[in-house]
Amino acid sequence: MGWYEKAKHAVRFWLLRRLPPCKQTVEVISQSLERPLSVRERVLLKLHLWVCMWCVWYLEHLQIMRDTMRENASEPELDSPSTPGLSPEARERIKQAISRQ
Amino acid sequence: MSEAQVKAPNKSPDAGVWLDQHGDYLFKYASFRLRDESAAEDAVQETFLAALKAYEKFEGRGSERTWLVGILKHKITDHFRRTAREAPMGQEQDEGPEHAEFFTRTDGWDHHWNNEYAPTDWHATPAQLVEQGDFWRVFHYCLSPLPQRTASAFTLREVDGLSSEEICEMLSITVNNLWVMLHRARLHLRNCLQKNWFGHKH
């Protein structure tokens with residue numbers, strides 16, 4: 001490792017020690033999907049993400065998860081034959097209830 | 001004109017046919033959100049009964065299924081309100097596992113990601129699961145250890161895209177409760193997906 005790489009490494013470690021740790025950062029990342037963050041929160045998050053690849057991936061994964069769920073929300077999950085439908089007993093019970101109307 | 005002809009446009013649908021055509025769909029829709037099969041069966045039954053009573057109002061506008069799903073949504077909301085009244089948010093663990101082990105380290109970096117649980121570069125993506133038709137099965141499997149209310153809140157938010165206010169009102173929880181629930185569900189689901197599907201090359 002060259003001196004520049006070493007220095008960069010040292011700065012990152014120094015910074016990570018002083019920033020809120022990952023455990024708190026992931027809460028802020030989750031809230032960033034729910035509300036606008038304050039300026040202070042945004043700055044601390046940006047700095048944390050600059051030095052922590054794990055939390056960068058965490059944020060990325062949350063976004064991928066949300067996008068996939070919303071894109072596929074409409075029909076396919078429900079019509080898939082692998083999801084069980086009404087049981088024969090429930091079907092019979094409902095049929096009875098309807099015919100009593 | 002005979003009576004039968006006058007009544008024809010509004011005649012009641014054949015309930016048996018209805019049940020065959022839409023029963024499974026409505027049940028899947030409800031159990032996906034309620035995460036409780038017997039509650040989902042009740043919601044479907046209530047939907048059909050309400051639909052029979054209100055059939056004149058439908059008058060064949062739009063698709064029958066869309067109309068039925070609209071009624072079902074109300075029944076699902078009613079169910080959430082009822083259970084929320086009966087069992088208000090209590091203990092903190094009602095919100096789901098905290099997963100403190102994800103952030104436990106003994107090398108002086110406690111509260112940072114433990115290597116065993118830390119996010120990695122995913123080799124597969126949810127899109128591939130979608131293509132294989134497995135995504136919702138995996139989703140269901142991963143959410144099943146969570147408390148029912150947390151899994152429901154997560155589904156309403158991430159799948160249906162309802163606003164925080166709507167969900168809080170439906171489940172009778174505060175917005176802080178909701179954020180904690182969503183955070184824990186995300187932590188749990190992401191880890192489950194990585195551990196079982198995306199973490200390593202197949």
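This is a short dialogue about domains and contacts in a predicted model.

Colleague: How should I read the numbering and the confidence limits?

Modeller: Residues count from 1 along each chain as its sequence is written, while chains are lettered from A and ligands numbered from 1 in the order in which they are written. Because the model is predicted, local features need pLDDT of at least 70 and side-chain atom pairs count only at pLDDT 80 or more, whereas totals for chains, interfaces and linings use all residues.

Colleague: Which domains does the assignment give for chain B?

Modeller: Domain bounds come from an automatic or database domain assignment. In chain B, domain 1 covers 11-86 and domain 2 covers 92-198. Taken over C-alpha atoms, the centres of these two domains of chain B are 28 Å apart.

Colleague: How many residues of the two domains of chain B are in contact?

Modeller: Two residues are in contact if their C-beta atoms, placed from the backbone, lie within 7 Å. Here 10 residues of domain 1 of chain B are in contact with 8 residues of domain 2 of chain B. On the domain 1 side, α2 (15-34) and α5 (64-86) of chain B give two or more residues each; helices are DSSP runs (H or I, at least four residues), numbered from the N terminus. The largest share, 5 residues, comes from α5(B).

Colleague: And how many residues of chain A are in contact with chain B?

Modeller: For this pair, 37 residues of chain A are in contact with 45 residues of chain B. Helices α2 (22-31), α4 (53-71), α5 (76-79) and α6 (88-100) of chain A each supply at least two residues of the side touching chain B. The largest share of that side, 11 residues, belongs to α4(A).
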